[in-house]
Amino acid sequence: MTHMEHVQALRASLDPHYNCCQSVLVPFAREMGLTEAQAYALGTNFGSGMGNGLVCGTLSGAFLVLGAAGFGPQKAVALLRQFQAEHEATDCRTLLKASHDRGEERKAHCDGLVYEIVAALEGILDKKA
C-alpha cells in the first residue's frame with residue numbers, strides 16, 4: 001500500500017477519527033521508526049490547529065516526518081513557504097475560513113490539504129532515497 005492509499009483509507013475512516021496531523025504521520029510511521037499506534041498518539045494534540053486554530057495539522061505532521069527522516073529546517077521551511085504561497089495562510093483558522101467562504105465542506109477541504117502534504121512528502125523522501 002502506498003502512502004497515498006494509506007492516507008485515503010484513514011481519511012475515509014470515522015472510527016477512529018484521524019485528525020490532519022495523525023493522517024500525515026500514520027502512513028509514514030515505519031519511516032519514522034514508530035508503530036502506527038505511536039504515530040497516532042504523537043499527533044493527538046495537533047488536530048484543529050493545535051486545538052486552537054493555529055498551525056495547520058498537515059504542516060505539523062510534515063515537520064515531524066521531515067525531522068524523523070533527517071531533514072533540517074531548510075527543507076521544512078521550504079515546504080511551509082510552498083504551502084503558504086499556494087494557500088495564502090498556514091494557520092487552521094484562516095484556512096478553514098477561506099474554505100468556508102468558498103463554500104467548501106470542511107472535511108473535503110481538510111482531506112485535500114492532507115493529500116497535498118502527503119504527496120509533497122513522498123516527493124521529498126523519494127529524492128532522498
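Is D101 buried or exposed? D101 is exposed, with a relative accessible area of 53%, where exposed stands for over 50% relative accessible area, buried for under 20% and partly exposed for what lies in between, computed with a 1.4 Å probe and the protein chains only. The structure is a predicted model, in which local features need pLDDT of at least 70 and side-chain atom pairs count only at pLDDT 80 or more, while totals for chains, interfaces and linings use all residues. Residues are numbered from 1 along each chain as its sequence is written, and side-chain values use heavy atoms, with hydrogens and water left out.

D101 also introduces the salt bridges, of which a search of the whole structure finds five; the term stands for a side-chain nitrogen of Lys or Arg within 4 Å of a carboxyl oxygen of Asp or Glu. The partner of D101 is K97, and the two side chains meet at 2.9 Å, N to O. K97 counts as exposed as well, at 53% relative accessibility. Because they are four residues apart in helix α7, K97 and D101 are separated by about one helical turn; helices here are DSSP runs of H or I with at least four residues, numbered from the N terminus. An α-helix has 3.6 residues a turn, so residues three or four places apart point the same way.

A second pair with this spacing is found in helix α8, where K107 and D111, being four residues apart, are separated by about one helical turn. K107 forms a salt bridge with D111, and their closest N and O atoms are 3.0 Å apart. K107 is partly exposed, with a relative accessible area of 30%, whereas D111 is buried, with a relative accessible area of 12%. The side chain of D111 also meets that of R11 in a salt bridge (2.6 Å, N to O). This pair links distant parts of the chain, since R11 belongs to helix α1 and D111 to helix α8, 100 residues apart. Both R11 and D111 are buried, and together with K107 they are linked in a network of salt bridges.

R11 leads to the rest of helix α1, which covers residues 3-12 and in which H3, M4, H6, V7, L10 and R11 are buried. Seen down the axis of α1, these buried residues fall within an arc of 160°, so they line one face of the helix; the arc is that of the directions from the helix axis to the C-beta atoms. What covers them includes α2 (20-25), α3 (36-42) and α8 (106-128). From the side of α8, V118 gives a closer view of this region: V118 is found in helix α8 and counts as buried, at 0% relative accessibility. Leaving aside its neighbours within four places in sequence, V118 is in contact (heavy atoms within 4.5 Å) with H3, M4, V7, S23, V24 and F28. The C-alpha atoms of V118 and M4 are separated by 6.7 Å, although the two residues are 114 residues apart along the chain.

Helix α5 comes next. The twelve residues of α5 should span 16 Å at 1.5 Å a residue, and its end C-alpha atoms are 17 Å apart, which agrees; the expected span is 1.5 Å times one less than the number of residues. The buried residues of α5 are G57, T58, L59, S60, G61, A62, V65 and L66, and they pack against α2, α4, α6 and α8. After α5 comes G70, whose phi is positive, near 95°.

Helix α6 (residues 73-87) has 15 residues and reaches 21 Å from its first C-alpha to its last, close to the 21 Å expected at 1.5 Å a residue. In α6, A76, L79 and F83 are buried, and, seen down the helix axis, the buried residues fall within an arc of 65°, so they line one face of the helix. These residues pack against α5, α7 (92-101) and α8, while on the other side of α6, P73, Q74, R81, Q82 and A85 are exposed. Just after α6, E88 takes a positive phi of about 65°.

Finally, L54 lies in the loop between α4 (47-53) and α5 (57-68) and counts as partly exposed, at 40% relative accessibility.

Key:
Helices (H or I, at least four residues) and strands (E, at least two) are DSSP runs, numbered from the N terminus.
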